[in-house]
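Open your viewer and switch to a cartoon view. This tour tells you what to select, stop by stop.

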Amino acid sequence: MILVTGAAGALGTLVAERLADRADVALGTRDLRRTRSPLPARRIDFDDPDTLATGFEGVDVLLMISAGAGEDDTVIARHGAAVEAAERAGVGHVVYTSLTADGDHLPYALPHRWTERRLRESSMAWTILRNGLYAELLAEIAAPSPEGRITAPLGEGRLAAVARADLAEAAARVAVEAPAHAGRVYELVGEQSVGGADLAQAHGPRVTYEPEAMSRTRARVAASGAEPFQVPMLVGTCSAIAAGFMARTGGDLRRLLGRAPRSPISAVLA
Ligand SMILES: NC(=O)c1ccc[n+]([C@@H]2O[C@H](COP(=O)([O-])OP(=O)(O)OC[C@H]3O[C@@H](n4cnc5c(N)ncnc54)[C@H](OP(=O)(O)O)[C@@H]3O)[C@@H](O)[C@H]2O)c1
């Protein structure tokens with residue numbers, strides 16, 4: 001049996017849609033009312049060990065979707081609890097949605113690398129899906145104002161952005177063919193990189209891109225009511241893009257999908 005955790009999140013919902021006609025899949029989520037899938041669901045909360053002990057029973061393949069944003073110690077505790085419970089329950093294979101290697105400069109890279117290392121040291125087979133940054137995330141960072149101005153501290157940097165739906169499809173494919181992917185690490189970045197000027201052009205002739213100073217962005221995000229850990233997350237993401245660390249494209253996604261990935265611009269506009 002395949003269990004997909006994080007099934008009510010944006011990525012998990014898309015994975016569930018792709019696996020909806022299979023009899024050997026169950027969904028795991030903190031809040032059972034939030035899944036709108038015909039698949040059976042179990043309550044899975046990495047912060048609640050009881051849900052893991054019962055929820056992982058009978059699971060052969062665990063598609064473990066990384067557990068949201070948080071301070072490093074919070075995310076490490078969640079992922080550590082999930083891996084330990086999976087080992088105890090006799091799960092055979094964990095497929096983990098991680099972060100692209102080029103994201104090592106991102107403020108949230110460390111819990112992903114910690115989890116990768118924990119899985120390599122575990123008693124289970126594993127597959128690491130190193131997801132690139134979502135085109136949808138870039139769309140949020142660089143959304144035009146009502147006056148048609150994109151202000152984001154991306155400089156001339158570019159991002160090999162990926163449509164979230166493509167990452168969901170890749171994850172679903174790997175989960176159902178898990179033994180063929182044991183011990184593999186996939187770099188699931190896009191095939192095209194896009195920058196602020198491309199986004200402005202895609203939004204239409206009246207939209208402009210005006211790179212912003214990071215200090216301004218930081219002040220703006222801090223004043224927006226964001227949690228303290230979210231401020232460096234967002235500014236650090238822009239910084240890594242602006243410094244050119246996130247532009248490298250790759251072909252693993254195409255190989256897993258068996259087709260070309262969606263264009264990042266179409267995902268941004270959608
Ligand atoms: N590559 C990127 O650009 C990018 C961008 C943002 C986030 N991410 C990472 O990728 C993950 C999936 O992305 P998304 O777009 O689906 O994010 P999302 O919509 O914000 O979903 C958050 C996810 O975290 C799960 N989660 C949170 N706390 C949890 C806990 N205590 N136990 C178990 N699961 C928990 C949620 O599961 P339930 O609600 O179903 O319980 C949900 O799947 C995120 O959690 C984050 O780690 C990647």
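We visit the sheet, then the helices on it, then the ligand, and end at one more helix. Keep in mind that this is a predicted model.

**Stop 1: the sheet.** Select the strands in the order β3-β2-β1-β4-β5-β6-β9. They form an open sheet of 7 strands with parallel pairing. Now look at β3 (41–43) and β9 (184–188), which stand at the edges. Each has a single partner strand, so one side of each has no neighbour in the sheet. On average, neighbouring strands are turned by 20° against each other, direction ignored.

**Stop 2: one strand pair.** Pick β1 (residues 2–4) and β2 (residues 25–29). They run parallel and are joined by 3 bridges. Which residue of β2 is the bridge partner of Leu3? Ala26 is.

**Stop 3: helices on the sheet.** Add α1, which packs on the sheet and touches β1, β2, β4 (61–64) and β5 (93–99). The direction of α1 makes about 145° with that of β1. Next, select α6 (residues 164–176). Among the strands α6 touches are β6 (125–131) and β9. Its direction makes about 170° with that of β6.

**Stop 4: the ligand.** Show the 25 residues around the ligand. Gly6, Ala8, Gly9, Leu11 and Gly68 come nearest. Helix α1 (residues 10–18) gives the largest share of this shell, 3 residues. Colour the shell by class: 11 residues are nonpolar, 9 polar and 5 charged.

**Stop 5: helix α9.** Select residues 230–242. The buried residues of α9 include Leu234, Val235 and Ile241. Their cover includes α5 (135–141), β8 (158–159) and α8 (214–222). Finish at Gly244, just after α9, with its positive phi of about 85°.

Key:
Residues are numbered from 1 along each chain as its sequence is written. This is a predicted model: local features need pLDDT of at least 70, side-chain atom pairs count only at pLDDT 80 or more; totals for chains, interfaces and linings use all residues. A residue is near a molecule or strand if its C-beta atom, placed from the backbone, lies within 6 Å of it. Helices (H or I, at least four residues) and strands (E, at least two) are DSSP runs, numbered from the N terminus. Ala, Val, Leu, Ile, Met, Phe, Trp, Tyr, Cys and Pro count as nonpolar, Asp, Glu, Lys and Arg as charged, and the others, Gly among them, as polar. The expected span of a helix is 1.5 Å times one less than its number of residues. A residue is buried if 20 or more other C-beta atoms lie within 10 Å of its own, exposed if 12 or fewer, and partly exposed in between; C-beta atoms are placed from the backbone. Two residues are in contact if their C-beta atoms, placed from the backbone, lie within 7 Å. Two strands pair if DSSP finds at least two bridges between them. Axes are lines fitted to C-alpha atoms, for helices over the stretch in contact, and angles run from 0 to 180 degrees between N-to-C directions.
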